[in-house]
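Please read the following account alongside the sequence and the coordinates, and keep the viewer open while following each step.

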Amino acid sequence: MKNLYFLIWLCLFATAAMAQNFKGKVTDAEGNGLPGVSVAVVGSSQGTITNAEGNFSLQLKQGTYKIRFSFVGYKTQEQTVTIGAETVTLNVQLEDDVVSLSDVVVLGSRSAAVRTSVQTPVPVDVITMKDMQLTGQIEPTQMVNFVAPSFNSARQTVADGTDHIDPATLRGLGPDQVLVLVNGKRRHNQALTNVNGTVGRGSVGTDLNAIPAAAIERIEVLRDGAASQYGSDAIAGVINVVMKKEAGTSASMHWGRHYAGDGRNLMLGLYHGMKVGKSGTISFAGDFRFREPTNRAGDYTGPVYINWNTGTDIARRQQLYEQDEALIAQRGFSRAKNMQIGNSKVDNFGGMVNGELRVSAKTNFYFTGMLNYRRGQAAGFYRYPFQTSQVNLDLYPNGFLPQIHSTIWDRSLLVGISGELGNGWRWDLSNVYGGNSFRFDVKNSNNASQFALGARAQTEFYAGTLGFNQNTADFGISKDLGKQVGLKTFNVAAGLNFRIDQYSIKAGEEASWRNYDPASGRAGGAQVFPGFQPANEVNQSRNVLGAYVDLESDLTEKFLVNVAGRFENYSDFGSNFAGKLSARYKFAEVFSVRGAISNGFRAPSVHQSAFSAISTVFISVPGQGLQPRQQGTFRNGSPVANAFGIPKLKAETSVNYSFGVTSQITDNISLTIDAYQIDIKDRIVLTGQFQRGTSPTGQLIARILDNAGQQEVNAAVFFTNAINTRTQGLDIVLSGSQAIGKGTLNFTLAGNMNRTTVQGEPRVSETLPPDQFGNVLFNRLERSRIEVAQPRSKYTLGLNYKINSFGANLRLTRFGRVEVWDPANPALDESFSPKVVTDLSVSYRIMKNIGIMVGANNLLDVYPDPLRANQWPTPTRTTALDNTSFNRFIYSRNATQFGFNGGYYYLSINANF
C-alpha cells in the first residue's frame, strides 16, 4: 500500500513539474475586478473561473493555447498565449455586451461550439440576473414575465391552490407544454393540478418561484419545440435555469408596497461562493420573501341575511330586500370589501447549494441541492347568513370568509460526474431527485352538516396533501468529429435516461369531507375546500426509458445543421418517437436565415391520470349570479368516467415549424425575427361541467351520478384528449448598445404575436349522444381559455442608461387584448383592451461594493378594463347580466393581462464583495 501511495504522489509531482503557472486578472471597463468570469482553454475541458477580485490561475503544460474569457453581460474575448518555462501573466478587460438577449447560449445544442443567439438554428433568449433585478420584481416567474415577451404569467385569485403557485406559459400554450431544466437537467413538476377557472385549467406546471432568486446566474429560454432533445413536455420550448457558482459574496434587500397601501413585499437574498482547490467551486444561497395580500374587491350589493333575489314578484322582492337592509343596519354588517380578491399572502424561504469539484485532470464532480418552504393564505367566496345550507349560524351569525392555508415543500438534489476520455469523447453521468408537496388546511370555516354541534362545531380542518416525486438518471456522451471527417465541426451526442414519476393524494381528516346529515340538505365537508376523501387517495407511479441521438455540424463556414431524434417508452401508455431538423445559413456577417421542423409529444402527467376530488366551485346561474356547486373531478377509468364514455388518456403529439432571419447589424446591434406554427393533436383538457338539471340532459347526468353513488355531487368533470389546436406566431428581438457621452445606453425592443385556434370540433363521449354532450365537454368558456384568455401580443421596450455610478432604467410593456366567453350566453362575454405598463427605476453605487435602487412598477397606476357586464340583480331587476357577482369582482379573474393591483414603489439595496 505504501508503494501505491508513493506511486500516486510521484505521478502527481511529475504532472505538476511538467505544468507551468498561467495567471491574470479580469476587469470591467472601469477597472473593477469581475468575479465568476469563465476562463476556458478552447478545444479542451480545462478551465477555471475568476475569484472575488477577478483573479485567476491555471496549470498548463508548455505550448500555445487559445484562452476564452466569457461572462454573461460582457463581450467574449479570446487571447492566444504561449506557455514556456516562466509564469505567464495576462490581464484582460471585458467590455459591456449588448443586452443579454443576444448572449452566448448553450441551450438547444450539445455541441461545444460557442454561438450567440444570432448564430443558433433556433431562437434562444439569455436573461441575466442583472436583467431580472432591473424589473423590480422579487419572484423569478414575474421577473421573466417582464423581460421575455413570449413568456406569460399572471397571479390568480379565488382559485384554491392556484392562488399560491403562479401558472406560467410560453408562446400562448399551456403551463405543462414547456419543459423546465435546472443546470441543464430536468426539473420536477409541482404537485398541484390547476382545476379551477384559471389560465392553464387542467394542467400541471413547474413552480419557478421555488428556485431562490439569489441563486440564479441566468435563465435561458429556448423558443422552439425540443421534445427530440430533452423529452416530453417541450412542445412550446424549454426554460433552463443556470445557478451561480462564482466566488464572491452578495446580499440584496427589497422593500416595496402598492400605491393602494397594501401588498407590502420584503425580500432578503444572500449568496456566497468560494473556490475549492485550484479550479473547484462551492456556493450557497438563501432567499427569503414575505408578501402581504392585496384586495381589489368591490362593495357587495346582494342579499346578506334574507335572500330577496328569488322569484319575479317585484313587490315581494322589495319587501324581502327592506327586511334584509334592516337586519344589516341592526347588526352593523359591512358590505365594503368583504371578499379577498388579489394577491394571496405568501411567505417563502429557499436555499441552495451548488458546486463543482475537480476529481482529476479531466473529471469533475458537480452537485446542486435546493430546499424551499412556502406558507400561504388565500380566501374563497364569502358565505352569507342567508346561505343556510353552507353556514352554521351558531358559529357565524354574520357569515364568514373561509381561508385556504397552504404549506408547500419543494426539494431537489442533483449529483453528477463528467469528464473527457483520452480520445476526446466527453461524457456525463447524473441523477436528479426532486419532489413537491402541497398541504391544504382550511380555517375560519365550517362543515355545515355539523349544525347539531352548534357553536362547538369545528372551524379548522386538515384537508389533505398532494405529493409528486421524480427521479431522473442520465448518461450522455459527445465528441466533435469535425477534424476526422474534414468539417469545421461535426458534433455527435447520444444518451440514455431513466425516469420515475410518483404521484400521491392523502385524505384529509374526516370532518373536512364528510356529510354528517345528508337528509338535512346541508353541505358536508369544509366550506371553500372540501377535503380529499379516502376514495381519492392514490399512490401511483410510472417509469420512463429514453434514448436520444443529436448531430450538429458546420457543413461549411456558412451552413449549420442539427438533427436530433429521441425514443421514449412509458410504462403507463406506451412509446413515442420525436425527431427534429434545424439549420442556419449565413449569407453574410450581417444576415442569416434559420429554420426548423420537428415533431414532439407530451405524455399525460401522472397527476392528470390519477387526480380526483370533490370541490366547491361557483358557477353563473341566470338571475342569481355565482352560486356554489359540489363538483367532482373523476379519474379516467373510474366507474363514473366509464359511465360517461370518457376514453383513456393518451399522449399529445405536435408538429412544429419555424423560420427566422437573424442579423448582427453592427458590433453593438442585433436583430432576430422568428415565425412559428405549432400543431397539437389530442390536446388534454379538463372538460366543462356535466351538471344535474331538469332538462333531459340534466336528468340523464343525474341518473349516471346517482347510479355511481355520487348523490351529493352536482356536476362532474374529467381529463380527456378533447381538441386539436394550431398556434401561429412571430417573435422579434432588436437589441443593442450605444455610447452617449461618457455613458452607455443599452436598449431592447422585443415583441411576441401569437394566435391559438381550436381546429375542428371537439371529440365527445364515446357512448353518449354528441348533440347532448358536445357543448358540455368543451364549452365556450373552455374554448376562450385556449384561444383568447392570454394576450395575443406582448411588446417590451427597455432602455438602460449607465454612466459611472449612476444608472436609469425605463421599460414599457404593452399587453395585448384578452377575452373571456360565457359558457352559454354571448351577452356575458367580456373583452379587455390592450394596456401599457410603465416601469422606471434609478440606481446609484454609493460605494464600490454597495448600490441602491429606487423605482416604481406600473408607474402610471394602470388597471385592466373593469368588467362590462355589471347589471347585477336588484329588487326591481329580475333579469340581470352580471359577471361581477353583485359587484364583488371589479376585474376579471378568468382572463388577466398583468394582474389588477395597480402601481408599486420599491427600494432595493445590493452589496457585492
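Both Arg-785 and Glu-782 are buried, and their side chains meet in a salt bridge with an N to O distance of 3.2 Å. The model in which this pair appears is a predicted one. The two residues belong to helix H12, which covers residues 780-787, and they are 3 residues apart there, about one turn of the helix.

Side chains of opposite charge can pair when their charged atoms come close. The structure holds 40 salt bridges, and a few of them are worth visiting in turn. The side chains of Arg-296 and Asp-262 meet in one of these, at 2.7 Å from N to O. Because Arg-296 lies in the loop between strand S20 (280-291) and helix H5 (314-331), while Asp-262 lies in the loop between strand S18 (248-258) and strand S19 (265-276), the pair ties together parts that are 34 residues apart in sequence. Arg-296 is buried, and Asp-262 is buried as well. Another salt bridge joins the side chains of Arg-218 and Glu-220, at 3.1 Å from N to O; Arg-218 is buried with a relative accessible area of 14%, and Glu-220 counts as buried because its relative accessibility is 0%. Elsewhere, salt bridges link Asp-125, Arg-171, Arg-223 and Asp-731 into a network.

A further arginine to examine is Arg-374, which is placed in strand S22 (residues 363-379) and counts as buried because its relative accessibility is 2%. Its side chain makes a polar contact of 2.9 Å with the side chain of Asp-207, and the side chain of Arg-374 also reaches the backbone oxygen of His-164 at 3.1 Å. Leaving aside residues up to four places away in sequence, Arg-374 touches several others, including Ile-165, Asn-209, Val-346, Asp-347 and Ser-406.

Turning to sheet architecture, one open sheet has 5 strands in the order S11-S16-S17-S14-S15, with mixed pairing. Strand S11 (124-128) and strand S15 (185-186) stand at the edges, and each has a single partner strand, so one side of each is left without a neighbour in the sheet. Strand S14 (residues 178-182) pairs with S15 in the antiparallel sense over 2 bridges, and Leu-181 stands opposite Arg-186 in S15.

The last stop is at the surface, where Trp-255, Tyr-259, Leu-266, Leu-268, Leu-840, Leu-859, Leu-860 and Tyr-905 make a nonpolar patch of about 660 Å². Of these residues, Tyr-905 is found in strand S47 (residues 904-912), and Tyr-905 counts as partly exposed because its relative accessibility is 37%.

Technical notes. Residues numbered from 1 in each chain as written. Predicted model: local features only at pLDDT ≥ 70, side-chain atom pairs only at ≥ 80, totals over all residues. Heavy atoms only, no water. Patch = residues over 30% accessible without salt bridge, like charges linked within 9 Å, V, L, I, M, F, W, Y side chains within 5 Å. Areas by Shrake-Rupley, 256 points an atom, 1.4 Å probe, with all protein chains shown as cover. Salt bridge = Lys/Arg side-chain N within 4 Å of Asp/Glu carboxyl O. Helix = DSSP H or I, 4+ residues; strand = E, 2+ residues; numbered from the N terminus. Buried < 20%, exposed > 50% of the residue type's maximum accessible area, 1.4 Å probe, protein only. Polar contact = N/O pair within 3.5 Å; in protein donor to acceptor, adjacent residues only side chain to side chain. Contact = heavy atoms within 4.5 Å. Pairing = 2+ DSSP bridges.
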